[in-house]
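Open the model in your viewer and get ready to click along. Start in cartoon mode and keep side chains hidden until a stop calls for them.

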Amino acid sequence: VTKENQTLLSILVHDISNPILIIKAFVEKTINSKAEVDSKRLGIKAKLALGAVLETLATVKNYHSARVGKVVPKLDKLNIIEAIRSVVDQFEDKLIGKKIEVNIDDRFTDQKIINSDLAWIKNQICSNILSNAIKFSYVGGTIKIEIRSIEYGVVIKFRDYGAGISVETRSKLFSSSAMTSTFGTLGEKGTGLGMPIVKEYVSRLRGTVEISDLPPNEVGTCVQVFLPYDIDDLEDKAAS
């Protein structure tokens, strides 16, 4: 626990320092400049830097809360297809910025309604996976999301054709104690906590997450998530 807390603290110190220094530079430029300053442009950059600070704080807070059991799922009936489409809509700006197309394939989703936590699925699970797929996709690339019904739940596959994951990184991708953060194809930076958060929340919803093997000579990454139709029903079947 001490080692994990040290890791979280290191992430906070490292990832918050950079945007704070950017904001400090903006303020100093505004104060010291004798020429007319483009306040709108500086304001936009400062807003983005502050957003990075808040995003880092929220990421670490969410992960820590899940690990210490401070949050419990709020189960309700939800449409998994609608939930995923909503997440894709949230990333519209980033997708447009990298000219990435997202294709959703729900042809094999016979049962779309599951009893789960909508906020967790959208904000902690699908958002983190899709964010990574965008981060490591090349400009003009494609991301495919396949939702398939199986016996006890749904399988969601997030397939990108980007830079991929090294064998070394893959082995520790879901570990919070191992720093796996790498730059995206356009230099995007992350905390390295995205996939550990996914793992924690998927597990608490009685699901599984893994990196699927790709056919030979194919590039990119495929993240596969299983979520049960109903947590209680899955536990009853396991007990029997």
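Before the first stop, one working rule: a salt bridge here is a side-chain nitrogen of Lys or Arg within 4 Å of a carboxyl oxygen of Asp or Glu. Keep in mind throughout that this is a predicted model.

**Stop 1: a salt bridge to warm up**

Select Asp-213 and Arg-170 and show their side chains. They form a salt bridge, with the closest N and O atoms 2.7 Å apart. The pair links distant parts of the chain: Asp-213 sits in the loop between β6 (208-211) and β7 (221-228), Arg-170 belongs to helix α6, and 43 residues separate them. Switch on a surface and Asp-213 turns out to be exposed, at 64% relative accessible area. Arg-170 counts as partly exposed, at 31%.

**Stop 2: two further bridges**

How many salt bridges does the structure hold? There are five. For another one, pick Glu-188 and Lys-98, whose side chains meet at 2.9 Å, N to O. Glu-188 lies in the loop between α6 (167-171) and α7 (194-204), while Lys-98 lies in the loop between α4 (92-97) and β2 (101-108), so this bridge ties together parts that are 90 residues apart in sequence. Is Lys-98 buried or exposed? Lys-98 is buried, with a relative accessible area of 4%, whereas Glu-188 is partly exposed at 22%.

Now move to Arg-148 and Glu-146, which also form a salt bridge (3.2 Å, N to O). Arg-148 is partly exposed at 32% relative accessibility, and Glu-146 is partly exposed too, at 21%.

**Stop 3: the whole chain**

Zoom out and colour by secondary structure. You should find eight helices and seven strands. Colour by burial instead, and buried residues make up 41% of the 240 residues in the chain. If you draw contacts between residues at least 6 apart in sequence, 74% of them join residues at least 24 apart.

**Stop 4: the sheet**

Select β2, β4, β5, β7 and β6. These five strands form an open sheet in the order β2-β4-β5-β7-β6, with mixed pairing. Which strands are at the edges? Those are β2 and β6, each pairing on one side only. Look along the sheet for its twist, which averages 15° from one strand to the next.

As a reminder while you turn on backbone atoms, strands of a sheet pair through backbone hydrogen bonds, either parallel or antiparallel. Both kinds show up here. β2 and β4 run parallel and are joined by six bridges; to see one of the pairings, click Val-102, whose bridge partner in β4 is Ile-143.

Next, isolate β4 (residues 142-149) and β5 (residues 153-160), an antiparallel pair with seven bridges. The link between β4 and β5 is a hairpin through three residues. On its β5 side, Ile-143 has Asp-160 as its bridge partner. Another position to click is Ile-147, which is partnered in β5 by Ile-156.

**Stop 5: the two faces of β4**

Stay on β4 and show its side chains. In a regular strand the side chains alternate between the two faces of the sheet. In β4, Ile-143, Ile-145, Ile-147 and Ser-149 make up the covered face, and Thr-142, Lys-144, Glu-146 and Arg-148 the uncovered one. That uncovered set includes Glu-146 and Arg-148, the salt-bridged pair from Stop 2.

**Stop 6: helix α3**

Select residues 80-90, which are helix α3, and display the buried positions: Ile-80, Ile-81, Ala-83, Ile-84, Val-87 and Val-88. Why do they share a side of α3? They cover an arc of only 165° around the axis, which puts them on the same side. Spin to the other side of α3 and you'll meet Glu-82 and Asp-89, both exposed.

At the N-terminal end, add Asn-79. This residue caps α3, placing a side-chain oxygen 2.9 Å from the backbone nitrogen of Ile-81.

**Stop 7: helix α7**

Finish with α7. Eight of its 11 residues are buried, so α7 is largely enclosed by the rest of the structure. The buried set is Gly-194, Met-195, Pro-196, Ile-197, Val-198, Glu-200, Tyr-201 and Val-202. Follow the chain out of α7 to Arg-206, and check its backbone: phi is positive there, near 60°.

Conventions:
Residues are numbered from 1 along each chain as its sequence is written. This is a predicted model: local features need pLDDT of at least 70, side-chain atom pairs count only at pLDDT 80 or more; totals for chains, interfaces and linings use all residues. Side-chain values use heavy atoms; hydrogens and water are left out. Buried means under 20% relative accessible area, exposed over 50%, partly exposed in between (1.4 Å probe, protein chains only). Helices (H or I, at least four residues) and strands (E, at least two) are DSSP runs, numbered from the N terminus. The arc is that of the directions from the helix axis to the C-beta atoms. A polar contact is a pair of N or O atoms within 3.5 Å; within protein, one must be able to donate a hydrogen and the other to accept it, and residues adjacent in sequence count only if both atoms are side-chain atoms. Two strands pair if DSSP finds at least two bridges between them. Axes are lines fitted to C-alpha atoms, for helices over the stretch in contact, and angles run from 0 to 180 degrees between N-to-C directions. Contact means heavy atoms within 4.5 Å.
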